[in-house]
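The following exercises concern a predicted model. Each task is followed by a solution that proceeds step by step.

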Amino acid sequence: MINFLLKGLFRDRSRSLFPFLIVAAGVMLTVFLHAWLSGALSSMIQSTAHYRTGHVCVMTKAYSEKADQVPNDLALLAIDTLVMSLRQRYTDLFWTPRISFGGLLDIPDEKGETKEQSPVSGIGVNLLSADSPEWKMLNIRPALVRGQLPSQHGELLIAEELARKLHVQPGQKATLITSTMYGSMAYFNFTIAGTVRFGVGPMDRSAIIADLADMQQAMDMQQGAGEIVGFFKDDLYHEERANAIARDFNVANLKPSDKFSPIMGTLRTVSGLADYLDYVGSFSGIILTIFVVAMSIVLWNAGLTGSLRRYGEIGLRLAIGEETGHVYRSMMVESLMIGIAGSMAGTAIGVAIAYYLQVHGFDIGSMMKNSTMMISDVIRAQVEPFTFVIGFLPGILATFLGAAISGIGIYKRQTSQLFKELET
Amino acid sequence: MAPRTHSTTPETKNSTLIRTENLDKIYPLGLNTLKALNHVNLSISKGEFLGLVGPSGSGKTTLLNIIGSLDSPTSGSAEVLGRKIESLSHNDAARLRNKHIGFIFQTYNLLPVYTVFENVEFPLLLLGIDSSLRKIRVMDALEWVGLADRADSKPAQLSGGQSQRVAIARAIVKRPELVLADEPTANLDAENSHHIMKTMQQLNKDLATTFVFATHDEKVIGYVRRKISLVDGRIEKDEKQPRR
């Protein structure tokens, strides 16, 4: 019987090809959308982690309460001991101190007078150690556009866009005007070693990267750092583990009455992305639900059209003694076959497109000119194991629902009318 | 070619295949009702070649529906192959049709995506008959109707007469005790009608299958050996006819 149904299914394109194409198209969109959202979300999480918060982040309790203002007067001190302790206790992460700061970058002329000036936001990181995780996390080597990487104290990197705006070349001098952690004015002369382009709008517009020791000296923060960030060694954000580490650290170190006691936060809490991540998660679910419902309606209509075309066949089958349930079940089996085949094809196409965009990406830089979101200018899809599965949910469910709803008509068919109906 | 075997069910040992007693069928018609069958008393024996004749609305198709377990009576009784139609469940009625009754329709109703062989094979698939036996039975049935050489053709490649012969093969392939045909020649010309009726006469003779036709086609009426005339849901005349 299955062979008989299969023959009919393959020979009648309106029963097979049309629903197959609908399922394949819907599944392809679902798979691609999922991979795209995953990629965009992952890109945002990665950029935020790499350039701002790490996967987990230690700062003083007071600093954490005003972290968006980068209050370096509330920074951590005696960080060497703390970093060592973190490296020993939580070995599945890299730990590295950072100082985030703001200020003015002054470009002097040959007489030492101000030629150009621009507000900058910078980070002081460990640039001079070859085994520093920052090389990888900030993607510094591939980001270098002109000049060279800093090799000694007093050298900094400047965003390529900012360098062009200030008309400076690698090798030129620049003075950073900022404040010390005690609130007094600070000046520090740097040599621009090179220019970098990170592909992240806010970084490319105004970022400078200096060595941590230089910034400690410039800001009078010996043994100090605004934050100690931790990165999982596989560079993936493991939320449960991050929460567990943060809980463990805070139980051992946080003293509620001491505003300078260290506190650890996770990417979700420190970045303020918690609500956003929840929103995106819910949004993905909503989109998938809409797809399932929309595809079910389309397939229901396809099923109804097919049932109308097969009105005579179904009538004949009922007349010659096929039980109603058997007719219904055979239609469900057909829909299952179409659903599986369409889902497989749709998944294959969706994954192929997603993979292409994972490799080549899609440049949204022109749309992000004024954006302050830490998201890469090139959005890439992300193919993950779930990408191969997710399309089967709407693909099979919608086909089944469509066939199940349209097939109810079989039960409403009155056998007493079959002779008349089959005469037309 | 002569048929090889003919299955015998317990019901067919009794020579009466169909019996109706005070059979009524009433349809609601807006606020009123329409009495399609009115106290029909009828007995049809095994092997009969019988025509239900009458004008449109006389109750021919309604009676055929009830005999074929496609409908149930409003009152009275209809017994077909020993089963009370009025007490059959939906699935029991389907099983009765599946095993014991063949249907021939005015418009053939062949499945267009399947070959002639597959169209005829379909009822045997529903009965769960083994593949090798199915092949023998299908080819037998196609030989009876003279279409063995068109087994691989699609319905669209056949003439009207050939299509109806395939429909006959489909009706008799499972060797039913009873074949019901509603206006089987209405779409055919005189020559094809003659061939169709001759084919069915031969099958009636060779297989002892009972044929019941609902028709108002004079070409068919000439071939039946018993003619039951219906008028306004009542049997007006029940007469034997000479063999043609």
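By the salt-bridge rule applied to this predicted model, the count comes to 22 over all chains.

**Exercise 1. Salt bridges of chain A**

Task: Establish which parts of the chain the salt bridge between A:Arg15 and A:Glu334 ties together, and state whether its two residues are buried or exposed.

Solution.
- Step 1. The contact: the side chains of A:Arg15 and A:Glu334 form a salt bridge, with an N to O distance of 2.8 Å.
- Step 2. The location: A:Arg15 belongs to helix α2 (residues 13–53) of chain A and A:Glu334 to helix α14 (residues 324–360) of chain A, so the pair ties together parts that are 319 residues apart in sequence.
- Step 3. The environment: both A:Arg15 and A:Glu334 are buried.

Task: Determine where the partners A:Glu134 and A:Arg98 lie in chain A.

Solution.
- Step 1. A salt bridge joins the side chains of A:Glu134 and A:Arg98 at 2.7 Å, N to O.
- Step 2. This pair links distant parts of the chain, with A:Glu134 in helix α5 (residues 134–137) of chain A and A:Arg98 in strand β2 (residues 93–108) of chain A, 36 residues apart.
- Step 3. Buried means under 20% relative accessible area. A:Glu134 counts as buried because its relative accessibility is 0%, and A:Arg98 counts as buried because its relative accessibility is 0%.

Task: For the salt bridge of A:Glu160 and A:Arg164, state how many residues separate the partners in helix α7 of chain A, and classify A:Glu160 and A:Arg164 as buried or exposed.

Solution.
- Step 1. The side chains of A:Glu160 and A:Arg164 meet in a salt bridge of 2.6 Å, N to O.
- Step 2. The two residues are 4 residues apart in helix α7 (residues 160–166) of chain A, and A:Glu160 and A:Arg164 are therefore separated by about one helical turn.
- Step 3. A:Glu160 has 2% relative accessibility and so counts as buried.
- Step 4. Exposed means over 50% relative accessible area; A:Arg164, at 53%, is therefore exposed.
- Step 5. Elsewhere, salt bridges that share partners join A:Arg15, A:Glu313, A:Arg317, A:Glu322 and A:Glu334 into one network.

**Exercise 2. Strand β5 of chain A**

Task: Describe the side-chain directions of β5(A) and identify its parallel and antiparallel partner strands.

Solution.
- Step 1. Burial: strand β5 (residues 155–159) of chain A is mostly covered, since 5 of its 5 residues are buried.
- Step 2. The principle: in a regular strand the side chains alternate between the two faces of the sheet.
- Step 3. The directions: A:Glu155, A:Leu157 and A:Ala159 point one way from β5(A), A:Leu156 and A:Ile158 point the other way, and all are buried.
- Step 4. The parallel partner: β5(A) is joined by 5 bridges to strand β7 (residues 185–196) of chain A, where A:Thr191 stands opposite A:Glu155.
- Step 5. The antiparallel partner: β5(A) pairs over 3 bridges with strand β8 (residues 207–211) of chain A, where A:Ile208 is the bridge partner of A:Ile158.

**Exercise 3. A sheet of chain B**

Task: Determine which strands stand at the edges of the open sheet of chain B.

Solution.
- Step 1. The open sheet has 6 strands in the order β6-β7-β8-β3-β9-β10 (chain B), with mixed pairing.
- Step 2. β6 (101–104) and β10 (234–240) of chain B each have a single partner strand, so these edge strands are left without a neighbour in the sheet on one side.
- Step 3. From one strand to the next, the twist averages 15°.
- Step 4. Within the sheet, β3 (residues 49–53) and β8 (residues 210–215) of chain B run parallel and are joined by 5 bridges; here B:Phe213 in β8(B) is the bridge partner of B:Gly51.

**Exercise 4. Domains and a nonpolar patch of chain A**

Task: State how far apart the C-alpha centres of domain 1 and domain 2 of chain A lie, and which helix gives the most to the nonpolar patch.

Solution.
- Step 1. Chain A is divided into domain 1 (2–47 + 275–421) and domain 2 (56–236), and their C-alpha centres lie 49 Å apart.
- Step 2. The nonpolar surface patch covers about 730 Å², and its residues include A:Trp300, A:Leu397 and A:Ile408.
- Step 3. Helices α12 (274–309) and α16 (392–412) of chain A each supply at least two of the patch residues, and α16(A) gives the most, with 5 residues.
- Step 4. A:Leu397, found in helix α16 of chain A, is partly exposed, with a relative accessible area of 40%.

How values were computed: Residues are numbered from 1 along each chain as its sequence is written. Chains are lettered from A and ligands numbered from 1 in the order in which they are written. This is a predicted model: local features need pLDDT of at least 70, side-chain atom pairs count only at pLDDT 80 or more; totals for chains, interfaces and linings use all residues. Side-chain values use heavy atoms; hydrogens and water are left out. Patches are made of residues with over 30% relative accessible area and no salt bridge: like charges are joined within 9 Å, nonpolar side chains (Val, Leu, Ile, Met, Phe, Trp, Tyr) within 5 Å. Accessible areas come from the Shrake-Rupley method with a 1.4 Å probe; for residues, only the protein chains shown count as cover. A salt bridge is a side-chain nitrogen of Lys or Arg within 4 Å of a carboxyl oxygen of Asp or Glu. Buried means under 20% relative accessible area, exposed over 50%, partly exposed in between (1.4 Å probe, protein chains only). Domain bounds come from an automatic or database domain assignment. Two strands pair if DSSP finds at least two bridges between them. Axes are lines fitted to C-alpha atoms, for helices over the stretch in contact, and angles run from 0 to 180 degrees between N-to-C directions.
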